[in-house]
Amino acid sequence: MTRPPPHTRQRSVSRHSCSGQDPFEDGPYARLERGNLSGVSETVIDALARALQLDEAERAHLDDLARTANTTRRPPRRRAPQPIRASLQHLLDAMTEAPAFIRNGRLDILATNRLGRALYAPVFADPARPVNLARYEFLNPGAADFLPQLELQAAGAVALLRTEAGRDPYNRDLTDLVGELSTRSEKFRTLWAAHDVRLHQTGIKYFRHPAVGDLALPFEAMPIPTEPGLTLTALSAEPGTPAHDSLQLLASWAATLDRDDKDEQPDTSAAGGEQIS
């Protein structure tokens, strides 16, 4: 964590000089710089956030770290699979012109609509399960072909994982994923060591899809209030733009795949969207 600027430190020390105590050597600031938030008051946390001009994601992460430091440490635990309620799947399926999916904080894709499954077809083609965006971006050799801005997206994925690690530090599944990626990817290790955090809520995602070519799609990522830890991401394109035309082509391609699946499995009704196992 970055120290306050030298002039700020000097003013702070001078205020305490009459008592003979240097707060940066003996007090809460020293504990903060050693990575120890135990017992640090909310007032100190607020002062630190203002001094460092933390953004929303960074402040939330600092609060998470402080909360963890002041609670009894628990052993890492595995989470039971989080089922997607039928009403959420119906919501996804109702979004017929926008790719959409639901993910957890570990970046596992838990459910999609038909267009979302078609858009992320290369990710679903990876045999590793559960389907995970971070694992695909760092470990799949085809990721650079599918994601033209892979470096930016990979950095964003690490920032999201770091944020989740602060929010849910005892999640064994998250710890295992970070361990796997750290072991197998030098790039991940470097980005993880940067300690960047982010609330990745809006922006543009870039794709080079094998069926429809290049797409630049604005997205919105919306936490689901009734399902803590889950986020619904929807992508769209403005009508009349090349990206919108490509989405329509993608929908036609997805419909073709649905017909092929139905022909291969005549006793199974085709669903518009699906939960991911």
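This text goes through a predicted model of a protein, from its overall make-up to one helix pair and two residues.

The chain has 277 residues, and 42% of them are buried. Its secondary structure consists of 14 helices and six strands. Among contacts with a sequence separation of 6 or more, 58% join residues 24 or more positions apart. The accessible surface is about 15200 Å², and carbon and sulfur atoms provide 52% of that area.

Confidence should be kept in view when reading the model. The mean pLDDT is 80, with 67% of the residues at 70 or more. Two stretches fall below 50: residues 1–27 and residues 265–272. Beyond near neighbours in sequence, residues 1–27 have 27 contacts in the model, whereas residues 265–272 have three.

The helix pair comes next. Helix α11 covers residues 150–167 and helix α12 covers residues 172–184. Their axes come within 11 Å of each other and cross at roughly 145°. The crossing of α11 and α12 is left-handed. On the α11 side, the contact is formed by Leu161, Glu164 and Ala165; α12 contributes Leu174, Leu177 and Leu181. Sorted by class, the residues in this contact are five nonpolar and one charged, with no polar residue.

Helix α11 also holds Gln153, which is not in the list of residues that make the contact with α12. Is Gln153 buried or exposed? Its relative accessible area is 17%, and the cut-off for buried is under 20%, so Gln153 counts as buried. Setting aside neighbours within four places in sequence, Gln153 has contacts with Glu137, Leu147 and Tyr206.

The second residue, Asn113, sits in a loop rather than a helix. The loop lies between strand β2, residues 109–112, and helix α7, residues 114–119. Why does Asn113 count as buried? The relative accessibility of Asn113 is 2%, and under 20% is the condition for buried, so Asn113 meets it. His90 is 23 residues away from Asn113 along the chain, and the C-alpha atoms of the two are 8.8 Å apart.

Both residues, then, are buried: Gln153 in helix α11 and Asn113 in the loop between β2 and α7.

Terms used. Residues are numbered from 1 along each chain as its sequence is written. This is a predicted model: local features need pLDDT of at least 70, side-chain atom pairs count only at pLDDT 80 or more; totals for chains, interfaces and linings use all residues. Side-chain values use heavy atoms; hydrogens and water are left out. Axes are lines fitted to C-alpha atoms, for helices over the stretch in contact, and angles run from 0 to 180 degrees between N-to-C directions. Helices (H or I, at least four residues) and strands (E, at least two) are DSSP runs, numbered from the N terminus. A crossing is left-handed if the near helix is turned anticlockwise from the far one by less than a right angle, and right-handed if clockwise. Contact means heavy atoms within 4.5 Å. Ala, Val, Leu, Ile, Met, Phe, Trp, Tyr, Cys and Pro count as nonpolar, Asp, Glu, Lys and Arg as charged, and the others, Gly among them, as polar. Buried means under 20% relative accessible area, exposed over 50%, partly exposed in between (1.4 Å probe, protein chains only). Accessible areas come from the Shrake-Rupley method with a 1.4 Å probe; for residues, only the protein chains shown count as cover. pLDDT is the predictor's confidence in each residue, from 0 to 100.
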